[in-house]
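Q: Could you take me through one part of this protein in detail, and show me how it fits into the whole chain? I am in my first year, so please go step by step.

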Amino acid sequence: ATYVMTYTATVAGRYALVVELAGVPLAAVPTNFTVLVAAGSVFPPACILQPNSTQLTTAVAGRVVEFRITARDRHGNLNDQDVVTFALTVQGPPRAQDTYPVVRSNDDGTYTAQFLPLQTGTY
């Protein structure tokens, strides 16, 4: 008889595949058979925005503000395989122009974004 097995992994990582019939391992399956499950595509609602220190909540006009974005898939796994382009807009106070932060990949699933507020006020 032929059996078909499916499993949907939601956590990225390395899995050992063990195949048994009535508690006895099958001879045709190597004992060190592993499956590597990679993260899925970047899912924007699961990505995380993190300030570097208190800069994101308190900044000084004329000083660069830096924060980090962590790319995650729909299950919350870190996606460090794909390089994506995050488009950010920081809306400033009245009479201030919108700012478009520079975002660079850290090549580890995180991205560093920087912007320079030039006027005082809430952004």
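A: Happy to! The model is a predicted one, and a good place to begin is the overall build. The protein chain has eight strands and zero helices, so reading along the sequence gives the pattern β-β-β-β-β-β-β-β.

Now for the overall form. The C-alpha atoms fill a box of roughly 75 × 20 × 20 Å along the principal axes. The radius of gyration of the protein chain is 23 Å, whereas a compact globule of 123 residues would have one near 14 Å. Buried residues make up 20% of the 123 residues. The protein chain exposes about 9100 Å², and carbon and sulfur atoms supply 54% of that area. Among contacts with a separation of 6 or more, 53% are between residues 24 or more positions apart.

With that picture in mind, let us look closely at the loop between β6 and β7. Strand β6 covers residues 65-70 and strand β7 covers 102-105, and Ala 87 is found in the loop between them. Thr 99 has its place in this loop between β6 and β7 too.

How do these two residues sit relative to the surface? Ala 87 has a relative accessible area of 76%, and because the cut-off for exposed is over 50%, Ala 87 counts as exposed. Thr 99 has a relative accessibility of 15%; since buried means under 20%, Thr 99 counts as buried.

Which residues surround Thr 99? If you leave aside its neighbours within four places in sequence, Thr 99 is in contact with Leu 88, Thr 89, Val 90, Phe 115 and Leu 116.

Ala 87 also gives you a feel for distance. From C-alpha to C-alpha, Ala 87 and Pro 25 are 51 Å apart in space, and they are 62 residues apart in sequence.

For a contrasting spot, turn to the loop between β1 (13-16) and β2 (20-21), where Val 19 lies. Val 19 has 31% relative accessibility, so it counts as partly exposed: that value falls in between the cut-offs of 20% and 50%. Val 19 joins Leu 21 and Leu 26 in a nonpolar patch on the surface, and together the three have about 240 Å² of accessible area.

To sum up the loop you have just explored: between β6 and β7 you can find Thr 99, which is buried, and Ala 87, which is exposed.

How values were computed. Residues are numbered from 1 along each chain as its sequence is written. This is a predicted model: local features need pLDDT of at least 70, side-chain atom pairs count only at pLDDT 80 or more; totals for chains, interfaces and linings use all residues. Side-chain values use heavy atoms; hydrogens and water are left out. Patches are made of residues with over 30% relative accessible area and no salt bridge: like charges are joined within 9 Å, nonpolar side chains (Val, Leu, Ile, Met, Phe, Trp, Tyr) within 5 Å. Accessible areas come from the Shrake-Rupley method with a 1.4 Å probe; for residues, only the protein chains shown count as cover. A salt bridge is a side-chain nitrogen of Lys or Arg within 4 Å of a carboxyl oxygen of Asp or Glu. Helices (H or I, at least four residues) and strands (E, at least two) are DSSP runs, numbered from the N terminus. Buried means under 20% relative accessible area, exposed over 50%, partly exposed in between (1.4 Å probe, protein chains only). Contact means heavy atoms within 4.5 Å. The radius of gyration is taken over C-alpha atoms; the globule rule is 2.2 Å times the number of residues to the power 0.38.
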